[in-house]
Amino acid sequence: MLWRTIRSMEAMVHSSTFLLPKLHQAANTPAKNYALVVLNQNLPRFMPRLWTHAKLRICADGGANRIFDEMFQMTNEQDHESTRNRYIPEIIEGDMDSIRPEVKKFYSSQGSKISDKSHNQETTDLHKCISRIHRSTPDHEKTNLCVLVTGALGGRFDHEAANINVLYLFSDMRIVLLSDDCLIRLLPKTHKHEIYIESSVEGPHCGIFPVGAPSGSTTTTGLKWNLSEAEMRFGSMISTSNIVQAEKVTVKSDADLLWTISLRNLT
């Protein structure tokens, strides 16, 4: 008799502890290393928390203008110059068509690395930033790295679509797209997924659906309307306006899925 050992699919664990104050981190998941990418959209109200959690901060071209102009509003500080001197990105990456000259000069004088990729018009600024992080992160560290992207949602829909495409292009990395209202992350089909819900800062509304290829079988737990080996595709059923009802949501699917959940008004 031929015996085969079938290894069970490995679980990938997700949580939104980066939205919590640093002194109040949840203990239900291993500590993550965070990188922050700032795109050229209004900063989310919880930006100071993301900045504090991150070990690497990259502005994608005009994202530097946002840090320069808006960060003091996030901190309620009156001394704009002091605030600017405290929030200095390590890198500014992109084709440099949006960053203002005085902003570029200021951050360069403060030690930010200016990475001019104007010769490369084949990829978006977010793609350039994620490529840099991907190249500089050893493979064995990628599973413990989470890249937080602000300004990825809202504005022009073609920009949003390009940002979602980056999740698929770098599916071996944990990338979270953030806005004031929600977050989006990719759940690769190579793993089953355990999503720990931080109910003080996210939920209850959520959605889960495939983009690019249909799902022939998706099963979940922890939702008000769970899926049981459900088929999902655009033009048919997808799971939107669902509700999280447990501290842990599990997902197993034969297709890459997008997970999105609403964000609460953080204070």
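Student: Which residues lie nearest the centre of the largest pocket?

Tutor: Quick heads-up: this is a predicted model, where local features need pLDDT of at least 70, side-chain atom pairs count only at pLDDT 80 or more, and totals for chains, interfaces and linings use all residues. Residues are numbered from 1 along each chain as its sequence is written, and side-chain values use heavy atoms, with hydrogens and water left out. A pocket here is an open set of points on a 1 Å grid over the protein atoms alone, where a 1.4 Å probe fits, with protein on both sides within 12 Å along at least five of seven lines; lining residues have an atom within 4 Å of a point. The lining has 20 residues, and those nearest the centre are L39, N40, T124, D125 and H159.

Student: And which helix gives the most to that lining?

Tutor: Helices are DSSP runs (H or I, at least four residues), numbered from the N terminus. Both α5 (125-136) and α7 (157-169) supply at least two lining residues. The top contributor, with four residues, is α7.

Student: Moving to α4, why are its buried residues on the same side?

Tutor: Buried means under 20% relative accessible area, exposed over 50% (1.4 Å probe, protein chains only). In α4 (residues 101-109), the buried ones are V103, F106 and Y107. They sit on the same side because their arc around the axis, taken from the directions to the C-beta atoms, is only 90°.

Student: What does the face turned away from the buried side carry?

Tutor: The buried residues pack against α2 (63-75), α3 (80-86) and β4 (91-94), with contact meaning heavy atoms within 4.5 Å. The face turned away carries exposed residues: P101, K105 and S109.
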